[in-house]
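Reader: I am new to this structure and would like a close look at its pockets, together with the way the helices around them pack. Could you take me through that part slowly, in one connected account?

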Amino acid sequence: MTSQTRETASAEPRGTSVIVNVIDVLRCFTVDEPLLGVTEIAATVGLHKSSISRILSTLEQERIVERDDASRKFRLGMGLIAVAGPLLANLDVRRIAYPTLQELAETTGETAALNIWDGSESVSVEQIPSRKQVKHTSPIGSRYATPLSASVQVFLAREPESRVRELLGQSGLGQDPAGPQDAGDYLRRLEEVRREGYARNFGETSPEEVGVAAPIVGHRGEVVAALMLAAPLYRVNDRRVAELGAACRQAAARVSRRLGGQPD
């Protein structure tokens, strides 16, 4: 075995599949870290820098990634939207919910969003920004894994208690800016979500934002998505939270009925 081969073998223990390596590279790009260099990516995925350079070169040719002119680092490119576009277009709940999202954003004056659940995180798949100058928005594809996030509460409210406890015990979902969540207290909070028909996040994950979310129910009775409103904390009080929650719940019920579901 040559020295170069030994270096590659030691630096690339996970390099048995090119596809897996490419996916790992793409997953390095996040909302918090949209710009990354070769060295940073190599350290994250455990591949040699030469392998990362080859992967990025191919992805750049396909416009899946692109270089930032100022830093010369990489970021996700527009070609990725072309790949994901058919999936997003075929999400029935996204297509059906879109007019309701528009109406909800217009009537409340706040940002309306649609999230789906991937098993352990809430993922944003659509958003209608508020028309107001000061507003809260997030990029499509943003992922939420903190228990006090309004959309996460909506999804976990329909999960078995054992699954909720399991997820709370995981390092990602078990942590919030407010600190680790006591399982008993959190389960009681989910009971309230089920009773009221919507969840609230009153500045608990961000001191500047209020979020409310309500479940969208499919024809099989399962929660297929969460309808959400996000607003700056400074213009929302307890009464306004209740108003936004009611509007969100009613809008989610309309979408549920269009999907053939029976909202609570």
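Author: What follows goes through the pockets, then the helix contacts, and ends with a single arginine.

The model is a predicted one, and every value below is computed from it. The largest pocket has a volume of about 1500 Å³, and of the 32 residues that line this pocket, Phe-29, Leu-76, Ile-140, Gly-141 and Ser-142 are the closest to its centre. Several elements take part in the lining of the largest pocket: helix H2 (18–27), helix H5 (79–89), strand E3 (111–117), strand E4 (122–128) and strand E5 (143–144) each supply at least two residues. The largest share of that lining comes from H5, which gives six residues. Sorted by class, the lining of the largest pocket holds 21 nonpolar, six polar and five charged residues.

The second largest pocket has a volume of about 340 Å³. Its lining is made by 24 residues, and those that lie nearest its centre are Tyr-144, Ser-149, Thr-205, Glu-209 and Met-228. Here the elements that each supply at least two lining residues are E3, E4 and E5, along with helix H7 (150–156), strand E7 (209–217) and strand E8 (223–232). Strands E3, E4 and E5 therefore appear in the linings of both pockets, if one sets the list for the largest pocket beside the list for the second largest. By class, the lining of the second largest pocket has nine nonpolar, 13 polar and two charged residues.

Helix H2, which supplies residues to the lining of the largest pocket, also packs against another helix: the axes of H2 and H4 come within 11 Å and cross at roughly 80°. Because of that angle, H2 and H4 count as roughly perpendicular to each other. On the side of H2 the contact is made by Asn-21, Val-22, Val-25 and Leu-26, and on the side of H4 by Ile-52, Ile-55, Leu-56 and Leu-59. The residues of this contact of H2 with H4 divide into seven nonpolar, one polar and no charged.

Helix H4 (residues 49–61) has a contact with helix H3 (residues 38–45) as well, and the axes of these two helices come within 9 Å and cross at roughly 110°. H3 and H4 are therefore roughly perpendicular to each other, and their crossing is right-handed. In H3 the residues involved are Val-38, Thr-39, Ile-41, Ala-42 and Val-45, which meet Lys-49, Ile-52, Ser-53 and Leu-56 in H4. By class, the contact of H3 with H4 has six nonpolar, two polar and one charged residues.

Another helix pair is formed by helix H6 (residues 92–108) and helix H10 (residues 238–258), which pack at an angle of about 160° with their axes 10 Å apart. H6 and H10 are therefore roughly antiparallel to each other, and the crossing of H6 and H10 is right-handed. From H6, the residues Ile-96, Ala-97, Pro-99, Thr-100, Glu-103, Leu-104 and Thr-108 meet Arg-240, Leu-244, Ala-247, Cys-248, Ala-251, Arg-254, Val-255 and Arg-258 in H10. The residues of the contact of H6 with H10 divide into nine nonpolar, two polar and four charged.

The last stop is Arg-189, which lies in helix H9 (residues 183–196). Not counting residues up to four places away in sequence, Arg-189 touches Leu-148, Gln-153, Arg-200 and Glu-204. Arg-189 and Leu-148 are 41 residues apart in sequence, and their C-alpha atoms are 9.6 Å apart in space.

Conventions: Residues numbered from 1 in each chain as written. Predicted model: local features only at pLDDT ≥ 70, side-chain atom pairs only at ≥ 80, totals over all residues. Heavy atoms only, no water. Axes fitted to C-alpha atoms, helices over the stretch in contact; angles between N-to-C directions. Helix = DSSP H or I, 4+ residues; strand = E, 2+ residues; numbered from the N terminus. Parallel < 35°, antiparallel > 145°, perpendicular 65-115°, else oblique. Left-handed = near helix turned anticlockwise from the far one by under 90°. Contact = heavy atoms within 4.5 Å. Nonpolar A, V, L, I, M, F, W, Y, C, P; charged D, E, K, R; others polar. 1 Å grid on protein atoms, 1.4 Å probe; cavity = no way out; pocket = protein on both sides within 12 Å on 5 of 7 lines; lining within 4 Å. Points joined across faces, edges and corners; volume = space filled by probe spheres on them.
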